[in-house]
Amino acid sequence: MMDWSRLSVDGLGRTGPINVALIIFSVMAFFFAIADLQFYGVIGNLPCSAANCSSTIPKPSVKLMMQDHMCHYIHHYSAEAFEDSVGLSRFPFITPNFITTVHLFVGVLAAYMAASEHLKIRQLSVGLFQLRLFLDTMDGVVYRRQLHTTVYVNGWGTVGYYVDAVADIVASFFLIYGLLVFLLRHPLHRRGEVLPTTRSSPDSALAQPDVAPLVSRQTIQLTMFLCVLQGGFRVYFWDKYQRSFHLTLGKVMHRKSDALLQARIFNSPLTRFVLWVWKVSSAEGMLSFMYLSIFLDCIWPMLVLIRKYGFIQLAVAAVITQLHTWQVNELLAKAR
């Protein structure tokens, strides 16, 4: 088991209780839980009249319901408010691909800072990562405004879809590489696989080498590789199921009976739960936990948790979602 009591949370060469990390995490979890209850409660109470059941599913979309918490409740609403105030989409030189290019460079810079031996610089990198996520959301807002549409869904097959995907992959790769460089530069001592300290200055002392045997470079490299592999699987399944639910629950039903059934399935507690699972199972959700651990100076324990339990959690989420997808397809097929 991990000795959480030995985690360093101040980056000053001292170890202490994890109370600060637990408090911050608890506050964020409480905020997002309240936001979820309000958001999904509103969806569950949506009326199903002829006006909204004869078209596509009522807002919010499948993608928004599967969006990770930070992007949904912070960046999505902030980007929409920023667009309403500034009108960025009205500038002819501002295109979604231009914004994507900007957030790519921001992500690379943030990854470079994440490899720093100074805790404050690594914490600043978390702020840049959040800026990148805001811009990543902003390019979608600009895209929809310029097309005069409110449909919140991936533009599968478009140039912008692939440009955005490449930018996300490159930025994530540099983040992982930056973390790998940071971990390899600082000896890790195995006491429940804990990173006991990090440097706040070049002359800061690390934990005494006789505390526990060193974590090998091979273990660090394997852990990072498994995190990258897991992130790739999370991207694949999140996109696969988002598209599947969009095609079944988002398409136009011309018969009122079909539209009513579609709306009932979409508003059902089971569908809401399955879509919510992907808020915490997406690659962006995993990265959010990593950003928080970077800020709290406990990245190694978080990576170990992801390595040990992440694949199990992802497999459970994928199985539950696949079973529900089959059920939805069967119900809609019988209705036809």
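Is Glu 83 buried or exposed? Glu 83 counts as buried, at 3% relative accessibility. Keep in mind that this is a predicted model, so every value here is computed from it, with the cut-off for buried set at under 20% relative accessible area.

**Salt bridges around helix α6**

Let's start with the charged pairs. Side chains of opposite charge can pair when their charged atoms come close. The count here comes to 8 salt bridges, and three of them are listed below.

| Pair | N to O distance |
|---|---|
| Glu 83 and Arg 145 | 3.9 Å |
| Arg 122 and Asp 297 | 3.0 Å |
| Arg 132 and Glu 284 | 3.9 Å |

Take the salt bridge between Glu 83 and Arg 145. Glu 83 sits in helix α4 (residues 69-86) and Arg 145 in helix α6 (residues 119-147), so this pair ties together parts that are 62 residues apart in sequence. The two ends differ in their surroundings: Glu 83 is buried, whereas Arg 145 is partly exposed, with a relative accessible area of 29%.

Next up is the salt bridge of Arg 122 with Asp 297. Arg 122 belongs to helix α6, while Asp 297 is in the loop between α11 (283-295) and α12 (299-335); the pair links distant parts of the chain, 175 residues apart. Arg 122 is buried at 2% relative accessibility, and Asp 297 is buried with a relative accessible area of 2%.

Then there's Arg 132 with Glu 284, another salt bridge. Arg 132 is in helix α6 and Glu 284 in helix α11, so parts that are 152 residues apart in sequence are tied together by this pair. Both Arg 132 and Glu 284 are buried. Some of the salt bridges also share partners: Glu 80, Glu 83, Asp 84, Arg 144 and Arg 145 are joined that way into one network.

**How α6 packs on α7**

Two packed helices are described by the angle between their axes and the distance between the axes. For α6 and helix α7 (residues 159-185), the angle is about 170 degrees and the axes are 12 Å apart. Angles over 145 degrees count as roughly antiparallel, and α6 and α7 are therefore roughly antiparallel to each other.

Which residues meet there? From α6 come Arg 122, Phe 129, Arg 132, Asp 136 and Asp 139, and from α7 come Asp 164, Asp 168, Ala 171, Leu 175 and Phe 182. By type, the residues of this contact divide into 4 nonpolar, no polar and 6 charged. Two of the α6 residues here, Arg 122 and Arg 132, have already turned up: Arg 122 forms a salt bridge with Asp 297, and Arg 132 forms one with Glu 284.

**Just past α7: His 186**

Phe 182, on the α7 side of that contact, leads on to His 186. The backbone oxygen of Phe 182 is 2.8 Å from a polar atom of the His 186 side chain. You'll find His 186 in the loop between α7 and α8 (217-249), where His 186 counts as buried at 3% relative accessibility.

**Over in α11: Ser 288**

Helix α11, home of Glu 284, also holds Ser 288. Ser 288 counts as buried at 18% relative accessibility. Leaving aside residues up to four places away in sequence, Ser 288 touches Asp 68 and Met 70. What separates Ser 288 and Cys 71 in sequence and in space? The two are 217 residues apart in sequence and 9.4 Å apart in space, C-alpha to C-alpha.

Methods. Residues are numbered from 1 along each chain as its sequence is written. This is a predicted model: local features need pLDDT of at least 70, side-chain atom pairs count only at pLDDT 80 or more; totals for chains, interfaces and linings use all residues. Side-chain values use heavy atoms; hydrogens and water are left out. A salt bridge is a side-chain nitrogen of Lys or Arg within 4 Å of a carboxyl oxygen of Asp or Glu. Helices (H or I, at least four residues) and strands (E, at least two) are DSSP runs, numbered from the N terminus. Buried means under 20% relative accessible area, exposed over 50%, partly exposed in between (1.4 Å probe, protein chains only). Axes are lines fitted to C-alpha atoms, for helices over the stretch in contact, and angles run from 0 to 180 degrees between N-to-C directions. Angles under 35 degrees count as roughly parallel, over 145 as roughly antiparallel, 65 to 115 as roughly perpendicular and the rest as oblique. Contact means heavy atoms within 4.5 Å. Ala, Val, Leu, Ile, Met, Phe, Trp, Tyr, Cys and Pro count as nonpolar, Asp, Glu, Lys and Arg as charged, and the others, Gly among them, as polar. A polar contact is a pair of N or O atoms within 3.5 Å; within protein, one must be able to donate a hydrogen and the other to accept it, and residues adjacent in sequence count only if both atoms are side-chain atoms.
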